[in-house]
Amino acid sequence: MSNNREATPAETVSGPQRLDSSRFAPANRRPRSAPALRTFLAIAALWGLTEEQRLLVLGYPSRSTYYNWCKRAREHGAFTLDVDTLTRISAVFGIHQALGILFPQERLGVDWLRSPNNEVIFGGHPPLDLVTNGSQDGLLSVRRFLDGTRGGLYMQPNAIDEAFTPYDDTEIVFR
């Protein structure tokens with residue numbers, strides 16, 4: 001018995017699939033914009049970002065646009081952020097999440113962001129300098145660094161790691 005239906009594009013293309021571009025449509029961005037901005041503002045307050053730094057992280061919208069977004073977000077009003085701004089906010093969320101995983105207390109994560117760091121990517125400057133340099137690349141670089149760190153790269157062992165003693169064969173039990 002033969003199947004006479006046409007193959008869908010996903011079935012005919014080999015290799016990695018592209019993201020569905022409809023996710024970038026205004027109708028899909030609109031319901032996410034206010035909650036995303038409210039959460040961004042809470043993280044920015046936790047990190048102690050100045051208004052200027054907040055504008056830089058968001059891609060430097062005009063102040064009137066920024067104030068309008070903030071007002072609408074606080075009032076749970078509707079507005080639509082552009083893809084670039086939502087991508088930047090997403091990077092902030094990823095950084096915040098990674099800091100929460102890597103550090104046992106929020107304050108320690110914020111201190112790490114604000115302290116000089118000798119890793120090559122930071123060049124002796126605080127990671128926050130890269131986060132607030134105005135480029136999407138700066139945000140994504142810090143996020144990638146922290147994601148790599150979560151996977152065991154880059155950072156020195158912490159107190160828990162230093163106290164770890166390797167297992168030996170006598171401790172491995174098969175049942």
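In the predicted model, the second largest pocket encloses about 300 Å³ of space. The residues that line this second largest pocket are Arg23, Phe24, Asn28, Arg29, Arg32, Ala36, Val83, Leu86, Thr87, Ile89, Ser90 and Phe93. Two elements, helix H2 (26–47) and helix H5 (83–102), each give two or more residues to the lining of the second largest pocket, and of the elements involved it is H5 that gives the most, with six residues. Sorted by class, the lining of the second largest pocket consists of six nonpolar, three polar and three charged residues.

Attention then turns to the aromatic residues. The structure holds five aromatic pairs. One of these is formed by Trp112 and Phe122, whose rings lie 5.8 Å apart from centre to centre, with 85° between the planes, an arrangement that is edge-to-face. This pair links distant parts of the chain, given that Trp112 is in helix H6 (residues 106–114), whereas Phe122 is in the loop between H6 and helix H7 (127–131), with 10 residues separating the two positions. Trp112 has a relative accessible area of 10% and is therefore buried, the cut-off for that term being under 20%. Phe122, at 5% relative accessibility, likewise counts as buried.

Phe122 also takes part in a pair with Phe145, in which the ring centres are 5.0 Å apart and the planes stand at 75°, so that this pair is edge-to-face; planes over 60 degrees apart are counted in this way. The pair of Phe122 and Phe145 again links distant parts of the chain, with Phe122 in the loop between H6 and H7 and Phe145 in helix H8 (residues 136–150), 23 residues apart. Both partners, Phe122 and Phe145, are buried. Together with Phe103, the residues Trp112, Phe122 and Phe145 form one aromatic cluster.

A further buried position is found in helix H3 (residues 51–57), which contains Gln53. The relative accessible area of Gln53 is 18%, and because buried means under 20%, Gln53 is placed in the buried class. When its neighbours within four places in sequence are left aside, Gln53 is in contact with Gly48, Leu128 and Thr132.

Methods: Residues numbered from 1 in each chain as written. Predicted model: local features only at pLDDT ≥ 70, side-chain atom pairs only at ≥ 80, totals over all residues. Heavy atoms only, no water. Helix = DSSP H or I, 4+ residues; strand = E, 2+ residues; numbered from the N terminus. Buried < 20%, exposed > 50% of the residue type's maximum accessible area, 1.4 Å probe, protein only. Contact = heavy atoms within 4.5 Å. 1 Å grid on protein atoms, 1.4 Å probe; cavity = no way out; pocket = protein on both sides within 12 Å on 5 of 7 lines; lining within 4 Å. Points joined across faces, edges and corners; volume = space filled by probe spheres on them. Nonpolar A, V, L, I, M, F, W, Y, C, P; charged D, E, K, R; others polar. Phe/Tyr/Trp six-rings, centres within 6.5 Å; stacked < 30°, edge-to-face > 60°.
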